[in-house]
Amino acid sequence: MKAIYENKVLKPLEKLDLKDGEVVDIEIRRDAVDRLGGLVKISRRDWLDEVVESPELEPI
């Protein structure tokens, strides 16, 4: 699930099936494209997001 961090609060980008007061575990992973940190020139962010999130892409 993706979320955005604004004003010190994580805001989900989709509806969650949770009850008020329910405790959850959260694992923070930054966007893979952002982690590239200027290593490559990105001209089509939408295309690169699709490639990076592909289940066929394996870490080395």
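Which residue forms a salt bridge with glutamate 6, and how far apart are the closest N and O atoms? I start my notes with this question, and I keep in mind throughout that the model is predicted.

**Entry 1: the charged pair.** I looked up the partner and found lysine 11, which forms a salt bridge with glutamate 6, the closest N and O atoms being 3.2 Å apart. Side chains of opposite charge can pair when their charged atoms come close. The cut-off is a side-chain nitrogen of Lys or Arg within 4 Å of a carboxyl oxygen of Asp or Glu, so this contact qualifies. By this rule I count one salt bridge. I then checked how open the two partners are, and lysine 11 is partly exposed because its relative accessible area is 35%, while glutamate 6 is also partly exposed, with a relative accessible area of 35%.

**Entry 2: the overall plan.** Reading along the sequence, I noted the pattern β-β-α-α, which comes from two helices and two strands in the protein chain. Strand β1 covers residues 3-6 and pairs with β2 in the antiparallel sense, over four bridges. Within this pairing I found alanine 3 standing opposite proline 12 in β2.

**Entry 3: the turn of the hairpin.** The hairpin of β1 and β2 has two residues between the strands, and I looked at asparagine 7 and lysine 8 in turn. Asparagine 7 is found in the loop between β1 and β2, and its phi is near 50 degrees, a positive value in a residue other than glycine. Lysine 8 has its place in the loop between β1 and β2 as well, and here I noted a positive phi of about 65 degrees, although the residue is not a glycine. Asparagine 7 counts as exposed because its relative accessible area is 70%, and lysine 8 is exposed with a relative accessible area of 74%.

**Entry 4: the surface.** How much of the protein chain is buried? I found that buried residues make up 5% of the 60 residues. The protein chain exposes about 6,400 Å², and carbon and sulfur atoms supply 51% of that area. I also looked for a nonpolar surface patch and noted one of about 820 Å², made by Met1, Tyr5, Leu10, Leu16, Leu18, Val24, Ile26 and Ile28. From this group I followed up tyrosine 5, whose place is in strand β1 and which is exposed, with a relative accessible area of 55%.

**Entry 5: lysine 15.** Is lysine 15 buried or exposed? I found lysine 15 in the loop between β2 (9-12) and α1 (32-35), and it counts as exposed because its relative accessibility is 81%, where exposed means over 50%. I also looked up how this residue lies relative to the start of the chain: the C-alpha atoms of lysine 15 and methionine 1 are separated by 9.7 Å, with the two residues 14 apart along the chain.

**Entry 6: how far to trust the model.** Where is the confidence lowest, and where is it highest? The protein chain averages a pLDDT of 80, and 73% of the residues score at least 70. I found the lowest confidence in α1, at a mean of 65, and the highest in β2, at 92. Where pLDDT is low, the predicted coordinates should not be read in detail. I therefore keep my reading of α1, with its mean of 65, cautious.

Terms used: Residues are numbered from 1 along each chain as its sequence is written. Side-chain values use heavy atoms; hydrogens and water are left out. Buried means under 20% relative accessible area, exposed over 50%, partly exposed in between (1.4 Å probe, protein chains only). Two strands pair if DSSP finds at least two bridges between them. Accessible areas come from the Shrake-Rupley method with a 1.4 Å probe; for residues, only the protein chains shown count as cover. Patches are made of residues with over 30% relative accessible area and no salt bridge: like charges are joined within 9 Å, nonpolar side chains (Val, Leu, Ile, Met, Phe, Trp, Tyr) within 5 Å. pLDDT is the predictor's confidence in each residue, from 0 to 100.
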